[in-house]
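Subject: Structure handover

Hi,

Here is the structure I promised to pass on. Have a look at it first, and then read my notes on the side-chain pairs below.

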Amino acid sequence: MVARWERDEPAFVLGAMLPDFAQMCRARVGDISHDAIAAGVRCHHRADSIFHDTATFLALCSQARSDLRAAGVGRATALAAAHVGIELLLDGCWLDDPGVDAAYLAAIDHTVSLPPRTLAWSTDEHAERFAHLCRRLQEAGSPRAYGNPTVVGQRLERILAQRPRLAPSPSDGPRLVQWAHRVQPAVIAAAETLREEVREGLASAPP
């Protein structure tokens, strides 16, 4: 969504998502020889630093941590789930922004036409992890399921289960789903304010 405020071409949008994709598949990218992708990565870092410091996002996460702890979720799990869960629920809101869904799908499709070595991954294994992730994302299509709080809660459980220190307990899974249902209305209500905070922050940030 934010990338399209600057440029709508698939390579740029792909670059704006690339740091998150690398984290998702636990891969490390090095040099990027494609100008538009590299510019998209820079866009990602500018937007990310502003987004995470907005008053609205910080308030949503603070309330989420309190709510999850009150529901009996362990401290480490609650800290991580509050942050990631709010982000996923916001994704579900912002996919309704005109053109965002199509731009996401076009960027994913663009990965199959990239010339070899456009992205210099740290190892061949990391390159294959990224290729596998892109194939899965293509097959999955639109991530509109993030508009469903049950899906968000279940997704949170799977994400955190991969990190031993953050892994939910067996009883936390239902709690995460229940929390996602309870918090979704507040996230939807705050989404537009948060979007404008990011837009204003980018307008005043150095290029």
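One cut-off before anything else: a residue is called buried under 20% relative accessible area, exposed over 50%, and partly exposed in between. By that rule Arg175, at 25% relative accessibility, counts as partly exposed. Please keep in mind that this is a predicted model.

Since Arg175 has come up already, let me start with the charged pairs. The structure holds 11 salt bridges, and I'll go through a few of them. Arg175 has Asp172 as a partner, with 3.2 Å from N to O. Both residues belong to helix H9 (residues 172–204), and because they are 3 residues apart there, about one helical turn separates them. Is Asp172 buried or exposed? Asp172 counts as buried, at 3% relative accessibility, whereas Arg175 counts as partly exposed at 25%.

Helix H9 holds another pair with that spacing: Arg199 and Glu196 are 3 residues apart, about one turn of the helix. Their salt bridge has its closest N and O atoms 3.7 Å apart. Here Arg199 is partly exposed, with a relative accessible area of 37%, and Glu196 counts as partly exposed too, at 29%. Arg199 also turns up in a contact with a ring: its charged end sits over the ring of Trp5, 4.1 Å from the ring centre.

The next bridge reaches across the sequence. Arg144 and Asp101 meet through their side chains at 3.0 Å, N to O. Arg144 lies in the loop between H7 and helix H8 (149–161), while Asp101 is in helix H6 (residues 100–110), so this pair ties together parts that are 43 residues apart in sequence. Asp101 is the buried partner, at 14% relative accessibility, and Arg144 is partly exposed, with a relative accessible area of 41%. There is also a network of salt bridges here, linking Asp96, Asp101 and Arg144.

Now the rings. There are 3 aromatic pairs in the structure. One of them joins Phe51 and Trp94 in an edge-to-face arrangement, 6.4 Å centre to centre and with 70° between the planes. Where do the two residues sit? Phe51 is in helix H3 (residues 35–52) and Trp94 in helix H5 (residues 75–94), so the pair links distant parts of the chain, 43 residues apart. Phe51 is buried with a relative accessible area of 12%, and Trp94 counts as buried at 11%. Another pair is Trp121 with Phe130, which is tilted: 4.7 Å centre to centre, 35° between the planes. Both Trp121 and Phe130 are buried. Finally for the rings, Phe51 and Trp94 join Phe57 in one aromatic cluster.

Trp121 leads on to a histidine you may want to look at in the viewer. His126 is found in helix H7 (residues 124–140). What does His126 touch, leaving aside its neighbours within four places in sequence? The answer is Arg26, Ala27, Arg28 and Trp121. His126 is buried as well, with a relative accessible area of 16%.

That's everything I have for now. Shout if anything is unclear.

Cheers

Terms used
Residues are numbered from 1 along each chain as its sequence is written. This is a predicted model: local features need pLDDT of at least 70, side-chain atom pairs count only at pLDDT 80 or more; totals for chains, interfaces and linings use all residues. Side-chain values use heavy atoms; hydrogens and water are left out. Rings of Phe, Tyr and Trp (its six-membered ring) pair if their centres lie within 6.5 Å; planes under 30 degrees apart count as stacked, over 60 as edge-to-face and the rest as tilted. Helices (H or I, at least four residues) and strands (E, at least two) are DSSP runs, numbered from the N terminus. Buried means under 20% relative accessible area, exposed over 50%, partly exposed in between (1.4 Å probe, protein chains only). A charge sits over a ring if NZ of Lys or CZ of Arg is within 6 Å of the ring centre and within 35 degrees of the ring normal. Contact means heavy atoms within 4.5 Å. A salt bridge is a side-chain nitrogen of Lys or Arg within 4 Å of a carboxyl oxygen of Asp or Glu.
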